[in-house]
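Trainee: Please take one helix of this model and look at it closely. Set it against the rest of the chain, and finish with the loops.

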Amino acid sequence: MSHSRHTIALPAGYRHADACTFHGRDADALAEVVDADAGRIRKGVLLGGVPTLIDIALHADRAECVVESDGTVSAAAIHDALVNMLGLRIDPAPFEQAVRDDPLFGPVVARQPGLRVIQSATVFEALTWAIIGQQINLPFAISLRRTFIGLAGRPHSSGLWCYPEAADVARLDLDQLTSRKFSGAKAETLLRFARLVADGALPLDRSDDPAGVSERLLAVKGIGPWTVNYALLRGWGYADCSLHGDVAVRNAIGRLTGGERPGMREAEAFLEAYRPHRTMAAAYLWASLNQPAG
């Protein structure tokens, strides 16, 4: 087992609740255990095939992180996962400045300044979560995700389960998923995607150009624009994802503008005005659904 400690500086006004809420979605805590009051996040994830436990303690100005791996994991993979989990890839300040006088977003941002886009620990986790969550409600998606981790993941020596990597998912049979409430189409897409990644045919490099990433992913049967944009947001931390295909985003646009929920084309046109900050626009639209109307 390898053990390492990492201290990551947090920006002024960092919102602990954003990270705790995102990583604490599964109340059954198979692969993540979150104590929001204490500002502590524990997550299991496979990194380079090695079960790894990431333990993050959030303080006012820093995150103290302890990483315990049942083997050897590269320092780069660990750092990558920590930056993702803390949501430090996208600075919200440029968007907040751009919309300070915007009649719709100005008040939304003023009520929740410093909102962060928290990411999945790995790009593969973000993409599989996007595929799992396609066209179903959040509680059902979280239930399927838990099943998925139990089928393809592995336990860390601490007992916490670890989110799988492509090679782990590629070994599954279709009926292992479909017999556990996955639709045939969703199961086929997950396996097709994982096998392409495991075979090296579909690289998921963070340094790749978003347009190239989108093109490669859209060529995979079962992966559409919403999945690609959500994965760019949660996996790559790309600052200009258009989430016009997201029902909650469109609900929020309708609520903010005082009209009906717009169609996808209308929502896409609405979001165009907020280039190159459309990811933060989506984040604030989601957040606005928890704020009082008007």
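Mentor: Accessible area is computed by the Shrake-Rupley method with a 1.4 Å probe. On that basis the protein, which is a predicted model, exposes about 12900 Å², and carbon and sulfur atoms supply 52% of this area.

The whole chain comes before the helix. There are 14 helices and 7 strands in the protein. Its radius of gyration is 19 Å, close to the 19 Å that the globule rule gives for 294 residues, so the protein is as compact as a globular protein of that length. The C-alpha trace spans about 55 × 45 × 35 Å along its principal axes. Half the chain is under cover, with 50% of the 294 residues counted as buried. Among contacts with a separation of 6 or more, 65% join residues 24 or more positions apart. As for charge, the protein has 30 positive and 33 negative charges, and the mean positions of the two sets are 3 Å apart.

The helix to look at is α5, residues 123-133. In α5, 11 of its 11 residues are buried, where buried means under 20% relative accessible area. The buried residues include V123, F124, L127, W129, I131 and I132. E125 and T128 are on the buried list too, as are A126, A130 and G133. Just after α5, Q135 has a positive phi of about 60 degrees.

One partner of α5 is F193, which sits in helix α9, residues 184-198. F193 has 0% relative accessibility and is therefore counted as buried. With sequence neighbours within four places set aside, F193 is in contact with F124, L127, T128 and I131, and also with L202, L204, L217 and I223. F124, L127, T128 and I131 are among the buried residues of α5. A general point about helices helps in reading such a set of partners. An α-helix has 3.6 residues a turn, so residues three or four places apart point the same way. For scale, F193 and R255 are 62 residues apart in sequence, and their C-alpha atoms are 36 Å apart.

For a second helix, take α1, residues 16-23, whose buried residues are D18, A19, C20, F22 and H23. The cover over these buried residues includes strands β2 (32-35), β3 (40-47) and β4 (50-58), together with helices α2 (75-86) and α11 (225-236).

Next, the cysteines. A disulfide is a covalent bond between the sulfur atoms of two cysteines. The search of the whole structure finds 0 disulfides. The cut-off is a pair of cysteine sulfur atoms within 2.5 Å. For C162, the closest cysteine sulfur is in C65, 17 Å away, which is too far for a bond. C162 has 0% relative accessibility, so it counts as buried. C241 is also at 0% and counts as buried.

The loops remain. H244 lies between α11 and α12 (247-257). Its relative accessible area is 13%, so H244 is buried. Beyond its neighbours within four places in sequence, H244 is in contact with R250, M264, A267, E268 and L271.

P276 belongs to the loop between α13 (264-272) and α14 (278-288). The peptide bond leading from R275 into P276 is cis, and its omega is near -5 degrees.

Two loop residues other than glycine have positive phi. A29, in the loop between α1 and β2, has phi near 50 degrees. A29 is partly exposed at 26% relative accessible area. K181 is placed in the loop between α8 (174-178) and α9, with phi near 80 degrees. K181 is exposed, with a relative accessible area of 64%.

On the other side of α9, D208 is in the loop between that helix and α10 (210-218). At 22% relative accessibility D208 counts as partly exposed. Sequence neighbours within four places aside, D208 is in contact with V213 and R216. D208 and Y163 are 45 residues apart in sequence and 23 Å apart in space, C-alpha to C-alpha.

To return to your helix: α5 is mostly covered, and F193 is in contact with four of the residues named for it, F124, L127, T128 and I131.

Methods. Residues numbered from 1 in each chain as written. Predicted model: local features only at pLDDT ≥ 70, side-chain atom pairs only at ≥ 80, totals over all residues. Heavy atoms only, no water. Helix = DSSP H or I, 4+ residues; strand = E, 2+ residues; numbered from the N terminus. Rg over C-alpha atoms; globule rule 2.2 N^0.38 Å. Buried < 20%, exposed > 50% of the residue type's maximum accessible area, 1.4 Å probe, protein only. Contact = heavy atoms within 4.5 Å. Lys, Arg positive; Asp, Glu negative; His and termini not counted. Charge placed at Lys NZ, Arg CZ, Asp CG, Glu CD.
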